[in-house]
Amino acid sequence: VTDAVPGSNETTTILIVDDDESQRVLMREALAAAQYQIEEATSGEDALQNFAKMAPDLVLLDVDMPGIDGYQTLENLRRLPLGSQIPVVMVTGLDDGNSIDKAYQIGATDFITKPLNWTILRYRVRYLLRASRAFLQLQKSQVRLAAAQRLARLGYWEWTPGNDILDCSSEIYHIFGFEKSNRYQSFEKLRAAIHPGDYKMVKQAIEDAAQGGSSFAMDHRIILPSGEERVVHHQAAVTLDMQGHTIDITGAVQDITERKQTEAELRRAKEEIELANRLKTEFINNISHEVRTPMNGVLGMLSLLRETRLDKEQQEYLDTAYDSADVLMLLLNNLLDFSQLDTGKVIAEGSEFSPPLLLQELINDHLNAADSKTIRLDYSVASDVPQEVTGNLTQIRKILAILVDNAIKFTEQGAVLLCAKRSPSRSETIRFEISDTGKGISADAIPHIFEPFVQVDGSSTRQHGGMGMGLAICKQVADNMGYGIGVESALDEGSTFWLEIPCTVFSAGANNATVM
Amino acid sequence: MADEEENQGPPLDQSALDNIRALTSSVLARVINIYLKDSPDQLSALQDAIQVADAENMAKIAHRFKSGSANLGASKLADMCRTMESMGRENTTHGAEALLEQMNAEYKRVEAALKQELEQVA
C-alpha cells in the first residue's frame, strides 16, 4: 500500500524533527514501507529554516529538543505560509495531561508518546495524511463552490421554522448587500429587505412552505441597504418528516437583475423596431398618395390630349407618354396596396360574385397583352362550381389579376389558362388556378417566391418590368383574408399558381344560402 | 549496591526489541550500534554536568539518554534516567553522583545484552 496521491506523481513527504539519531532512524524505518519521501531535521531551528524547501505533507515533531523545543517550533511553523494547514504529530516521552493539552492548544494535529509502537505510528501517519488530504479537498471544493455561487450570484439558506435564525451561504450576504458577520442571519432582516410590493407574496409563500410543506419558486424585488433595487429568483424546497410536517426549508436566491434588464431592453428594442417599421410603411403610404394625385392629373390630361387632333408623330409621343404614366401609376398603386396591407388596413367584406364572370373579365382585361405575345389565353369552370359565391371580390380580383399578369409576363409562347374548380381537399373551398407554359420556377426558388422584391433571378429583373412586389401583395392579401395561396412548378414545364377561398355558395336558381 | 544488582531482572525488555525487529532485521543492529556509540559519551557528559552542578544540562542529557534507552527496551536504565531528569528539572544535582554510579553499572549490563543481540543478528 502506498500513500501517494491517487492519479498524481506527487510523492508524499514526511519531515522527522528529532535530535536523537536512533529515534530518526527508527521512524524512517517504520515509514519506509509506505514509500514516503523522508526528510530529517535535527532541531527545531533546522526544521523551520528548511521547511519551505522540504515542503512536507506531515511533520513528526519531537517535543524535547535542545535549542527551541517542539512547542516553540510548532508555534513558529504554524506561522509559515505552508505550515498553517499541515498535520503535525508531536512526539514525546512526557505523557502527562498538561503537555498534551499544551500541544493541542498550540495547533498539534495529534500526539504520540515514546517509546513509540512503530506499527501504530505507521497507521497513525497514514490516517492523518488521508484526513489532511480530505480536508484540503473539502476546502478546495468549498472554495470552488463559493466561487461558482459568486459568479452565478446564487446564495442559499436553511431555515428551521419556529426560530428567527437562517443559516446562510456567503453569497446571500453579497446579494442582499449585508455586511457579513457569520453564517447565521436573522430571518426577519432578510424579510425586511424584500420590496414592499412583493412582501406579501413572499411572506405567504414562506408561510405555506413552513405550514403546508409546499415548495415555491418566484421572482421578486429586494431593496439593498444602499437603496438600490434588485430582482432575485427565489426558490425553496421543504424537508418533511414521516408525518408530513416541515422539518426545515432550504432556499436558493439568485440575483437576476441583469437578466431582467436585458429582457426589458430586448422588449423595448423590439417595440422600437416595430414602431419604426410602422412609420416606414405609413411614410410609403403617404408618399404614394401624394404622388398619385399629380399622376392622376397627368394621366387625365394625357387622355384629354388624345381626344384633340394630333399628327402621327405627336400621336406616337403621346402614346409613349401615356403608357409610361400608366406603368408608373400601376407601380404606385402596388406600392400603396402593399403598404396598406402592411398596416393591416384592408377590410374583409364579403359580396356575391360569379366565378365564371370573374374569369371572363380577367381574360378581357389581359387579352391585348396576351395577343401581343401571341399567347393563347383561355378559361374553364368546372361544372360543380356554383354560379354565385360570396367572397371579397375586390381582393380576389386583385390577386388573380396579378397572377394572370405575371403568367403572361413570364411566358414567351404557349398558353395561359385560368380555371375555377372545387378544391380537391376541401369541397367548401373554391380553387382558382392560373397555369402557364413559361419557363417554370426552380425548386429552391419556390419557398422565396412570395417574399417582397424577389424575382426568380437577376436576369428576369432585366427582362421583365416590375419591382417584384406582385406575388408579395398576393400573399399578403391572401393571408389577410384567410385564403390559401401557392404554386406548383417545374423548370421548363410551366407554373400553376392557385388561390383557394372558402365561401358560402348560392346555388343557381335557389335562394337558400348553403354553407358548404 | 551489589545486593541490588543481583535482585535486578533482565536488563532488556524483549518486547521493545521485538517492536523494532518487526520493522526490519537490519535496523535493530543499526540502532544498537548508534546507541552503543553514543551512550558512553552521554554518561561522561552527565559526569561533567554533575561535577559542575549544571542541573539543567544534566536533565537534558538524561532525557535524551532515557529516550534512547527506552527505545531499546532498557527499561531499568530509562527509569534511572527519568529520575535524574526529574532531579535536574528540580534544579538539583544532589544525589546525582550516586545515581550516575548505578546508571553506569546498569549500562554495563545493557551493553552486554545488546552486544549479545548484535551477535544474534549477525
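# Reading helices, loops and packing

User: What should helix α4 of chain B span, and how far apart are its end C-alpha atoms?

Analyst: Helix α4 (residues 55–71) of chain B has 17 residues, so at 1.5 Å a residue it should span 24 Å, and its end C-alpha atoms are indeed 24 Å apart. The expected span is 1.5 Å times one less than the number of residues. Helices are DSSP runs of H or I with at least four residues, strands are runs of E with at least two, and both are numbered from the N terminus. Keep in mind that this is a predicted model: local features need pLDDT of at least 70, side-chain atom pairs count only at pLDDT 80 or more, and totals for chains, interfaces and linings use all residues. Side-chain values use heavy atoms, leaving out hydrogens and water, while residues are numbered from 1 along each chain as its sequence is written, and chains are lettered from A and ligands numbered from 1 in the order in which they are written.

User: How many residues of α4(B) are buried?

Analyst: Buried means under 20% relative accessible area, exposed over 50%, and partly exposed in between, with a 1.4 Å probe and protein chains only. In α4(B), 13 of the 17 residues are buried, so the rest of the structure largely encloses this helix. After α4(B) comes B:Gly73, with a positive phi near 80 degrees.

User: And α6(B): which of its residues are buried?

Analyst: First the general idea: an α-helix has 3.6 residues a turn, so residues three or four places apart point the same way. The buried residues of α6(B) include B:Ala96, B:Leu99, B:Leu100, B:Met103, B:Glu106, B:Tyr107 and B:Val110. With 26 residues, α6(B) reaches 36 Å from its first C-alpha to its last, close to the 38 Å expected.

User: Which phi does B:Asn91 have?

Analyst: Most residues other than glycine have a negative phi. B:Asn91 has a positive one, about 65 degrees, although it is not a glycine. Look for B:Asn91 in the loop between α5 (75–89) and α6 (96–121) of chain B, where it is exposed at 62% relative accessible area. In chain A, A:Arg153 is not a glycine either and has a positive phi of about 50 degrees. A:Arg153 is in the loop between α6 (118–152) and β6 (154–159), and its 24% relative accessibility makes it partly exposed.

User: At what angle do helix α12 and helix α13 of chain A pack?

Analyst: Two packed helices are described by the angle between their axes and the distance between the axes. Axes are lines fitted to C-alpha atoms over the stretch in contact, with angles from 0 to 180 degrees between N-to-C directions. Here α12 (residues 355–372) and α13 (residues 393–409) of chain A pack at about 30 degrees, with axes 10 Å apart. Among the residues that meet are A:Leu358, A:Leu362 and A:His366 in α12(A), and A:Leu393, A:Leu400 and A:Val404 in α13(A).

User: Is A:Thr429 buried or exposed?

Analyst: A:Thr429 has 3% relative accessibility, so it counts as buried. It lies in strand β16 (residues 429–436) of chain A. Contact means heavy atoms within 4.5 Å; leaving aside neighbours within four places in sequence, A:Thr429 is in contact with A:Lys421, A:Arg422, A:Ser423, A:Glu500, A:Ile501 and A:Pro502.

User: How many helices and strands does chain A have?

Analyst: Chain A has 15 helices and 20 strands, and buried residues make up 41% of its 516 residues.
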